[in-house]
Amino acid sequence: MSQRPDPIREGLKRGWKVSGGSLGPAPERLFCDVAIVGSGAGAGISAELLARAGLKVVMIEEGPLKSSTDFNQKESEAYPQLYQESAARKTEDKAINILQGRCVGGSTTVNWTSSFRTPDATLAFWRDRFGLTDYSSEALGPYFLQAETRLNILPWLTAPNENNDLLRRGAAKLGIPAAAIARNVKGCWNLGSCGMGCPTNAKQSMLVTTIPAALDLGAQLLTEMRADKFEIANGKISALHCRPVMPNGALAHLGTAQTATKIVAKHYVLAGGAINSPALLLRSQAPDPHALLGTRTFLHPVVMSSAVFEQPVHAWSGAPQTIYTDHFLDTQAIDGPIGYKLEAPPLHPVIFASTVPGFGQSQKDLLQSFPNNHTLLALLRDGFHDESRGGKVKLRSDGSPALDYPLTDYVMDGARRALLSMMEIQFAAGARQVLPLHEMAQPYTTWGQARDAVSVLPMKPRLTKFVSAHVMGGCALGGDEKLGVIRPDGVHWQLENLSVHDGSIFPTSIGANPQLSIYGTVNRIAQDLVKRLTGRELVLA
Amino acid sequence: MKRRSLLRLGVASAVVLAVAGGTAALLQSGLNQGRLGPAGREVFRAVGRAILDASLPTDPAARGVALDGLLDRVDDLAAALPPHAQDELSQLLSVLASVPGRRVMAGLSEGWALASEISIQQALQGMRLSRLALRQQAYAALHDITAAAYFSDESTWVQLGYPGAPAI
């Protein structure tokens with residue numbers, strides 16, 4: 001258990017209005033100016049701005065409130081507590097495992113701090129194809145800058161750990177440019193445990209920045225509470241119905257200790273994250289005249305290559321993901337064959353052991369390579385081609401969301417090229433053996449052997465291992481109502497008192513880790529909302 | 001098991017159920033109230049023996065203790081899953097624990113408790129590379145849950161050469 005100061009527990013002592021779990025039940029009725037669904041990247045930025053404008057804000061979060069005292073760097077506790085579906089959320093065909101936060105702070109509490117502005121090429125595509133004429137690097141620049149200032153997003157000047165330096169060195173040998181990744185940290189201890197919640201509060205997540213700021217201004221936070229359904233009448237939302245949930249996400253039995261909550265607000269901000277935000281609108285039977293809701297949900301599908309080096313790598317130790325290369329994004333047209341970004345993820349026992357393929361002796365040999373193991377990942381930039389239309393959010397019979405995401409031949413072609421690129425870099429960095437994560441692959445000891453083998457591997461769902469930590473789209477921005485679910489200012493095209501402020505608003509994937517894209521775009525639309533509701537002009541920093 | 005959730009099992013398991021000659025009443029639930037039932041424990045104990053064969057202690061008593069620990073951790077892991085995932089896991093374990101389900105879905109002729117590690121590994125390999133999505137999905141669930149649960153406990157980390165998280 002962390003012995004460091006805990007700003008959340010201190011805030012609770014000061015009288016923050018937080019309910020849920022051990023903090024007691026929420027009231028049955030609540031009235032406020034703005035109800036915000038979620039507490040992640042988009043919700044946090046919105047909450048701070050709206051609360052600073054003097055508005056009465058209520059936030060509704062399905063996950064628990066956990067903080068640095070709870071963050072003990074153990075996967076066995078972090079995954080069930082802090083992640084959607086215990087870190088085992090999957091696409092409908094079980095071909096892609098999705099890591100997505102479910103706790104106060106959302107994915108920002110558990111992400112690896114990688115911070116990139118939305119690439120120019122992505123914004124140009126949005127202007128061209130989705131009528132988002134005011135989405136340019138110039139127009140968004142001030143909003144990114146404010147977010148960077150507020151969250152201390154700066155170049156990471158500490159030397160990369162060996163895990164990341166292998167990417168730098170391997171790429172350099174092949175003449176591939178690689179660069180350092182900016183991070184949202186302040187006084188980072190370089191522990192490497194970001195994915196389990198930062199135990200030192202160095203990570204400038206929503207949990208320790210905007211959410212406390214909003215709570216200090218009197219905002220109210222309902223935790224362990226599912227936003228179940230909007231009540232809709234006459235083109236407006238008239239109420240939000242919420243239900244308390246158990247730690248595993250099951251609805252709690254209502255009784256004296258647990259009651260449903262009805263929230264009536266003047267305006268509603270939906271920021272439950274991609275997958276969950278469209279699911280809430282689907283459950284609410286929100287108007288969707290052009291059948292766009294839940295469609296074009298993107299994942300940056302990730303494939304991985306696992307290498308073993310002579311020297312220790314200790315991929316669990318030190319800041320994660322501090323080096324990247326966009327060489328395989330920048331060297332081809334955005335709407336051509338799918339491009340990919342390469343990064344070096346941290347490894348911890350549970351993630352590593354469940355990712356090591358196979359069983360018996362071959363599994364044991366790979367498991368024992370853990371200290372010398374270096375894995376690269378490729379984020380495939382989906383959503384920029386007719387054969388990359390992403391997935392569709394649907395509802396199960398119990399109202400929970402399911403994502404149908406077909407891995408098309410177009411995506412699979414990129415997956416094969418990405419595996420080849422990563423293996424070549426790993427051999428160039430001096431790998432003794434390289435294993436692309438595919439059920440039919442073997443560890444290969446030379447680049448030639450690896451190249452020949454991977455060139456003929458069947459690239460099929462489930463044989464090729466895919467994961468995702470970036471869920472985007474499903475409530476896309478569009479310059480007219482045929483192109484998107486929400487207007488360029490974040491307001492729903494058909495529901496005038498509903499805005500969507502999270503990663504679900506992106507009409508394609510980002511082509512970079514999305515947290516700063518969410519902070520920047522939401523910062524702008526939340527400032528617009530503040531102005532419309534109060535007449536005040538506020539900036540984030 | 002509810003009829004509605006049975007329908008979600010899909011064609012392959014419908015075949016399994018038809019072979020089973022029967023109705024849901026003949027199958028034991030894999031999970032009861034989100035915890036491993038006897039059927040679930042039997043399957044995971046056998047799958048654990050096979051998947052972790054080389055990683056488990058060789059001494060029979062120590063091996064038994066390690067497998068007990070695995071089952072406790074699988075139990076915790078299952079309890080933390082949301083209801084729809086618990087339903088699916090329960091159905092999977094239920095089908096695998098039935099004789100026809102074990103034969104058709106896993107391709108294993110002997111009972112789980114008596115089958116050798118090698119026989120179970122061969123069955124797992126058949127599922128892993130099967131053309132049927134349902135068998136591949138079953139393999140992935142058994143593999144990932146077993147490996148994640150076993151190596152979530154610090155008693156196993158010495159085998160990984162992992163020193164544990166730094167003290168702060």
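**Entry 1. Strand β18 of chain A**

I began with strand β18 (residues 373-380) of chain A, where eight of the eight residues are buried, so the strand is largely enclosed by the rest of the structure. I note at once that this is a predicted model. I then looked up the two faces of β18(A) and found both covered. On one side N373(A), T375(A), L377(A) and L379(A) are buried, and on the other side H374(A), L376(A), A378(A) and L380(A) are buried. In a regular strand, side chains alternate between the two faces of the sheet.

**Entry 2. Partners of β18(A)**

Which strands pair with β18(A) in the antiparallel sense? I found strand β15 (residues 302-308) of chain A, which pairs with β18(A) over seven bridges. I also found strand β17 (residues 340-343) of chain A, which pairs with β18(A) over four bridges. I followed A378(A) through both pairings: V303(A) stands opposite A378(A), and A378(A) is also the bridge partner of L342(A). Strands of a sheet pair through backbone hydrogen bonds, either parallel or antiparallel.

**Entry 3. An open sheet in chain A**

I turned to an open sheet of three strands, which run in the order β6-β9-β7 in chain A with antiparallel pairing. Strands β6 and β7 (153-155) of chain A stand at the edges with a single partner strand each, so one side of each has no neighbour in the sheet. I checked β7(A) against strand β9 (residues 182-184) of chain A and found antiparallel pairing over three bridges. Within β9(A), R183(A) stands opposite L154(A).

**Entry 4. Helix α15 of chain A**

I compared the span of helix α15 (residues 515-534) of chain A with expectation. At 1.5 Å a residue, its 20 residues should span 28 Å, and the end C-alpha atoms are 27 Å apart, which agrees. I recorded 15 of the 20 residues of α15(A) as buried, so by the same count the helix is mostly covered. After α15(A) comes G535(A), with a positive phi near 80°.

**Entry 5. Chain A as a whole**

I counted 15 helices and 24 strands in chain A. For 541 residues, a compact globule would have a radius of gyration near 24 Å; chain A has 22 Å, which agrees. Taken along the principal axes, the C-alpha atoms of chain A fill a box of roughly 65 × 50 × 45 Å. I noted that 63% of the 541 residues in chain A are buried. Among contacts in chain A with a separation of 6 or more, 76% join residues 24 or more positions apart.

**Entry 6. Two domains of chain A**

The domain assignment of chain A gives domain 1 (26-151 + 204-296 + 470-534) and domain 2 (155-193 + 302-381 + 408-460). Their C-alpha centres lie 30 Å apart. I found 15 residues of domain 1 of chain A in contact with 19 residues of domain 2 of chain A. On the domain 1 side, the elements giving two or more residues are α3 (75-82), β6 (114-115) and α5 (120-130) of chain A. The residues of that side comprise five nonpolar, nine polar and one charged.

**Entry 7. Where chain B touches chain A**

How many residues of chain B are in contact with chain A? I found 35 residues of chain B in contact with 40 residues of chain A. On the chain B side, two or more residues each come from α3 (38-51), α5 (83-97), α7 (117-128), α8 (133-150) and α9 (157-160) of chain B. The most come from α8(B), which gives eight residues. By class, I recorded 22 nonpolar, nine polar and four charged residues on this side of chain B.

Key
Residues are numbered from 1 along each chain as its sequence is written. Chains are lettered from A and ligands numbered from 1 in the order in which they are written. This is a predicted model: local features need pLDDT of at least 70, side-chain atom pairs count only at pLDDT 80 or more; totals for chains, interfaces and linings use all residues. Two residues are in contact if their C-beta atoms, placed from the backbone, lie within 7 Å. Ala, Val, Leu, Ile, Met, Phe, Trp, Tyr, Cys and Pro count as nonpolar, Asp, Glu, Lys and Arg as charged, and the others, Gly among them, as polar. Domain bounds come from an automatic or database domain assignment. A residue is buried if 20 or more other C-beta atoms lie within 10 Å of its own, exposed if 12 or fewer, and partly exposed in between; C-beta atoms are placed from the backbone. Two strands pair if DSSP finds at least two bridges between them. The expected span of a helix is 1.5 Å times one less than its number of residues. The radius of gyration is taken over C-alpha atoms; the globule rule is 2.2 Å times the number of residues to the power 0.38.
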